Structure formats: C-alpha cells, structure tokens
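This report describes the sheets, helix packing and pockets of a single structure. The sequence and the model are shown below.

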Amino acid sequence: EKGGYKHFMLKEINEQPRAIRDTTLGRVSLDSGQVFLPDLKLGPEEFRRATQLTIAACGTSWHAALAGKFMIERLARLPVEVDYASEYRYRSPIASPNEIGLLITQSGETADTIAAQREMTSLGIPTLAICNVVGAAITREAHGTITTNAGPEIGVASTKAFTAQLTALFTLALYLAQQRGTAAAEHSLHLVTELSKIPGKVEEVLRSVDDACANLAKSFSNARDFLFLGRGIHYPIALEGALKLKEISYIHAEGYPAGEMKHGPNALIDESLPVVVIATQDPTDPQSVLKYEKTLSNIQEVTARSGRVIAIATEGDHEISKLVEHTLHVPAAPELLLPILETVPLQLLAYHIAVRRGCDVDQPRNLAKSVTVE
Ligand code: M6R
C-alpha cells in the first residue's frame, strides 16, 4: 500500500506531480488562458463586487492561505485577510459588505475551521472551501468548493495536499483576476502555460534534490534548532518548512521573514545554527529580483555571524553558492508559482532528518491526522 516506499510521507511527496496536475485538470484552457471553476457557484457579479476575502485555516493549510494572499492580491487586486481558524471567532470579526469567506482544509473536518465557517455564516459572509475530501463537512456548509485532487493523504504531515492547495489558490487567484478584469488575456495565457509546466518541474526537483537532502540530513540531524527564512510569498513556505521539521523530527524550528532577523532573531545565530534561506527569484519580475537582492544581504548577515546557511535557489544561480555552505536548486518559474517548487526540498529535508533520528515519520507523537476537537 506504500507503493514500494518506506513511508506514506515519502510516497505522498513523490505523488505531487500527479496531485498538482489533477488539481488543474479541466480547470484551465491552454488555448485561451481562461480558468473555469464552476463549482464555486458564486456569479461573476459577486466576485466583481467583492471588497474583501477572508481566509481561515489551520496548520499547513494556514500556510497555504498566507501564500494565497500574495497570489490573490497581486493578480486580482482583492484585499485578503488571513486568520488562524482557531482564533477567528474569538476576535469579534467585523464583516465588510460584499465580503467573501474561504476555508482551506485538507480533511474538511477540522473543528476549528468548521467553527470559523459557522462564525462567517452567522455574520452573513458566504463561504467557499478548498478541500481535498469530496463531501466533507466543510464543503457541505460552503456555497462552493474547489476540490484539490491530491488523493487520500495518510501521513500526518501534510505534503501533497499542501502543494495541491497552492495550485488551487493560484487557479483561484487567476480566476478572480479574470472575473474582476485585472488580468490581461496575454498575461493569463502566459501564467496558465507556466502552471502547466509545474508538475514536470516538481518531478525534476524530486529527482535532483533527494540525495542532497539525505546528505544534508547526515550533517544536520543533530541540530538543536533550525531557522527558515524567506521574504514575501516565500515567507509562508519558510513557515511550512519549519512546521514539517518540527512535527516529524521534533527539532525546534522557526520560520521568520528574512527582513525581520535584524529586529531580534539575529541574536540567536552562531556556528551551530542551520539557517535554511529561500532565495529563489524570477529574473523577469522586478519585484521578485528586488526581494532576492535583499535576501542575499540577509544571507550575508547570517554567514557573517557564522550561521550555517542552506540556500534554496533558482537553477543557474551560481553566485549564491559562493556565499553559502549548501545550495539546493529548483527550476525557474514565475514568482507566484515558485512556492510549489521550493516546498519540495523542504519536505525532503525534514523527511530525511526525521528518518535519521529514528522518528515515526507517518505517525508523529501527540498528533492526529484530523483534529476534530477545538
Ligand atoms: O485537514 P486540515 O487541512 O484542516 O488540517 C489542518 C492542520 O491540522 C494540518 O495542516 C496540520 O497542521 C498538519 N499536521 C501539518 O502537516
């Protein structure tokens, strides 16, 4: 049942190309760039009128939500707020006129997320869901759903469901942009074409970084702490890298926005601290390049204090390898799609470290796959 893999987690990591492909299947036209999401069931007028999207989710799904904020705000120019589902109803949320709610959940049964959905409903906010399980509780109460077609996920650590959520959010962002008239046809077609290349690129990453991650695990499996840094849309991926490592290897890890290091966490850096820095870029996107340059200075701040940097960089970036101890490369892609690619090495790094430490990768202590209590 593990398809020849040692753990469900490793099997599911390797299923990502298929999961991503299936999540876009029938939803995008490679001829026109048009996105189709008929199961959302809200009309174009409701999307045009929308003034705000509020996303509530937990854990890994919350990280997907944070990345989704960058996608939706950039492409559809719709303000997005992201809440921990477990906090949402305790902060007396204020509903804006024409606000839309979105719940992101692999299982569709997370009690905190159900509670957030009910709070939204009671405030008169229509809710949508991104969910991996057809017919799950949250989809039954939602107006409409985007199903992530990742297939059943057994490992407690979410992997393929996460990259499928990122894929669904990207299609949603582009769909909203088209409904709201903020995406030029040419740009849409370019993005859809790039999206269709992602499964192949994930395959490439799986092939090219696995051995390197296993080797890194040899050097770093005894670390006491880990830091994960990223800027912009890469920051949620840093958070996800840290969560994966924490939950399966029991090593303390923190994700931080790279630019915030000088406001406190720099004090933690010494020669025993591994720092994973997401330093990818889309050279055709000035915003992405600017962020990359700032990230390079952040890397220098870490190496100057003898921190041990593992960089996630774009293929062809040889400059960065001169600055850091280790580099893992991912193929180039538009800025908003890079998160899918850079997630893969972080999953494999966590996996190999946990295996070396003799941890129960599929069933980490104290955790359940589906958290049905608040
Ligand atoms: O089923 P959900 O997506 O609603 O679950 C949310 C979290 O419980 C889940 O992502 C959890 O953080 C995972 N163990 C992360 O790997």
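## Sheet E7-E6-E8-E9-E10

In this predicted model, helix H10 (234–249) lies across E6, E7 and strand E8 (274–279). The direction of H10 makes an angle of about 175° with that of E7, and with angles over 145 degrees counted as roughly antiparallel, H10 and E7 fall in that class.

The strands that H10 covers belong to an open sheet of 5 strands, ordered E7-E6-E8-E9-E10 and paired in parallel. Strand E7 (252–257) and strand E10 (326–330) each have a single partner strand, so they form the edges and one side of each lacks a neighbour in the sheet. On average, and ignoring direction, neighbouring strands here are turned by 20° against each other. Between strand E6 (residues 225–230) and E7 there are 6 bridges in the parallel sense; Phe228 is placed opposite Gly255 of E7.

## Sheet E2-E1-E3-E4-E5

A further open sheet is made of 5 strands in the order E2-E1-E3-E4-E5, again with parallel pairing. Its edges are strand E2 (80–84) and strand E5 (144–147), each of which pairs on one side only. The average turn between neighbouring strands of this sheet, direction ignored, is 20°.

Within the sheet, E3 and strand E4 (residues 127–131) run parallel and are joined by 5 bridges. Gly101 has Thr127 in E4 as its bridge partner. Helix H6 packs on this sheet and touches strand E1 (52–57), E3 and E4. The direction of H6 makes about 170° with that of E3.

## Packing of H2 and H9

The axes of helix H2 (residues 16–24) and helix H9 (residues 185–220) come within 8 Å of each other, with a crossing angle of roughly 175°. The two helices are therefore roughly antiparallel.

On the H2 side, the contact involves Gln16, Pro17, Ile20, Arg21 and Thr24. Their counterparts in H9 are Leu195, Ile198, Pro199, Gly200, Val202, Glu203 and Leu206. By class, the residues of this contact comprise 7 nonpolar, 3 polar and 2 charged.

## Largest pocket

The largest pocket holds about 530 Å³ of space. Its lining consists of 21 residues, and those nearest its centre are Cys58, Gly59, Thr60, Lys369 and Val371. Two or more lining residues come from each of helix H4 (59–76), strand E3 (99–105), helix H6 (111–122) and helix H10 (234–249). H4 supplies the largest share, 3 residues.

Elements already described in the sheets thus recur in this lining: E3 and H6, as well as H10, contribute to it. By class, the lining is made up of 7 nonpolar, 10 polar and 4 charged residues.

## Second largest pocket

The volume of the second largest pocket is about 250 Å³. It is lined by 15 residues, with His190, Asp282, Thr284, Pro334 and Glu335 lying nearest its centre. The elements that provide two or more of the lining residues are H4 and H9.

H9 gives the largest share of this lining, 4 residues. The lining divides into 7 nonpolar, 3 polar and 5 charged residues. H9 thus takes part in the contact with H2 and also in the wall of this pocket, while H4 gives residues to the linings of the largest pocket and of the second largest pocket.

Note on methods:
Residues numbered from 1 in each chain as written. Predicted model: local features only at pLDDT ≥ 70, side-chain atom pairs only at ≥ 80, totals over all residues. Heavy atoms only, no water. Axes fitted to C-alpha atoms, helices over the stretch in contact; angles between N-to-C directions. Parallel < 35°, antiparallel > 145°, perpendicular 65-115°, else oblique. Contact = heavy atoms within 4.5 Å. Nonpolar A, V, L, I, M, F, W, Y, C, P; charged D, E, K, R; others polar. 1 Å grid on protein atoms, 1.4 Å probe; cavity = no way out; pocket = protein on both sides within 12 Å on 5 of 7 lines; lining within 4 Å. Points joined across faces, edges and corners; volume = space filled by probe spheres on them. Pairing = 2+ DSSP bridges.
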